[in-house]
Every structure is written in C-alpha cells, then in structure tokens.
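Work through these exercises with the structure open beside you. Try each task before reading its solution.

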Amino acid sequence: MAAAASSSSPPAAITCRAAVAWGPGQALVMEDVEVAPPGPLEIRVKVVSTSICRSDVTQWQSTAQPDLFPRIFGHEASGSVRILVSLLLLTQVVTMLTA
Ligand SMILES: [Zn+2]
C-alpha cells in the first residue's frame, strides 16, 4: 500500500483498479486506471468499499448518453481522505454530507 503524499510534496497521478463500463449494458471490466492529482477544488479519497446502486444500474443500462462511456460507477462509497488541498473544501464537504 502506498503512503499518502506528505503536505510538502505536490500530489502526483496514481494508478488504481476499477470496474470500467465501456458501453450501455456491457459487462464491467477490471482495469488499471490512472487518476490525475486533485485540483484546487478536489480531494483524493482512498475508497475502501462501494456499491452499485439503482441510479448506477439505470445509467449503466441507458443508451440515452453513449458519450458518457467509458464510466466507473460506485458513487456511494466510503473511504478516507488522502490528499486535501484546502481545509475550507473539507469543511464544505463535511457540511454537505451532514446536511
Ligand atoms: Zn446512488
């Protein structure tokens, strides 16, 4: 397991395993994907568990927006914050999640 970046080093791109959907209704494919470093209004979260909810399944099966593929589903995830660019951003995320 890689250690989190220290606060003095700039965030770097990382490689993660993900179940990728390449098209509507197509089987998910486990792949290595490169994740860019977080931008000024983003955080990096190490996901420890996730699920595929009904919204994901609906989007996965939908042919209405084929240009949105390839996609990685699982927006209902839990994990820990690994890189935080702004403490104000974390405050806003916590406020949003607890509202
Ligand atoms: Zn959902």
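**Background**

The UniProt annotation "domain: Alcohol dehydrogenase-like N-terminal", from an unreviewed entry, covers residues 40-81. UniProt positions are given in the numbering used here, feature names are shortened, and annotations may be inferred rather than shown by experiment. Residues are numbered from 1 along each chain as its sequence is written. This is a predicted model: local features need pLDDT of at least 70, side-chain atom pairs count only at pLDDT 80 or more, and totals for chains, interfaces and linings use all residues.

**Exercise 1. Outline the fold.**

Task: State how many helices and strands the protein chain has, and in which pattern.

Solution:
- Helices (H or I, at least four residues) and strands (E, at least two) are DSSP runs, numbered from the N terminus.
- The protein chain has two helices and five strands.
- Along the sequence they follow β-β-β-α-β-β-α.
- Now take residues 40-81: the span is 19% helix and 40% strand, and its end C-alpha atoms lie 15 Å apart.

**Exercise 2. Build the sheet.**

Task: Give the strand order of the open sheet, then find the edges.

Solution:
- Two strands pair if DSSP finds at least two bridges between them.
- The open sheet has three strands in the order E2-E1-E4, with antiparallel pairing.
- Strand E2 (29-35) and strand E4 (71-72) each have a single partner strand, so they stand at the edges with one side lacking a neighbour in the sheet.
- E1 (residues 14-21) pairs with E2 in the antiparallel sense over seven bridges.
- Check the register: Ala 18 has Glu 31 in E2 as its bridge partner, and Val 20 stands opposite Val 29 in E2.

**Exercise 3. Judge burial and contacts.**

Task: Work out how many residues of E2 are buried.

Solution:
- A residue is buried if 20 or more other C-beta atoms, placed from the backbone, lie within 10 Å of its own.
- E2 is hardly covered: of its seven residues, the buried count is zero.
- In the protein chain, buried residues make up 1% of the 99 residues.
- Contacts (C-beta atoms, placed from the backbone, within 7 Å) come next. Of those with a separation of 6 or more, 64% join residues 24 or more positions apart.

**Exercise 4. Weigh the confidence.**

Task: Find where confidence is lowest and highest among the elements.

Solution:
- pLDDT is the predictor's confidence in each residue, from 0 to 100.
- The protein chain averages 85, and 91% of the residues score at least 70.
- Helix H2 (residues 87-98) is lowest, at a mean of 75, and E2 is highest, at 96.
- Over residues 1-5, pLDDT stays under 50.
- Where pLDDT is low, the predicted coordinates should not be read in detail.

Notes:
Buried ≥ 20, exposed ≤ 12 C-beta atoms within 10 Å, placed from the backbone. Contact = placed C-beta atoms within 7 Å.
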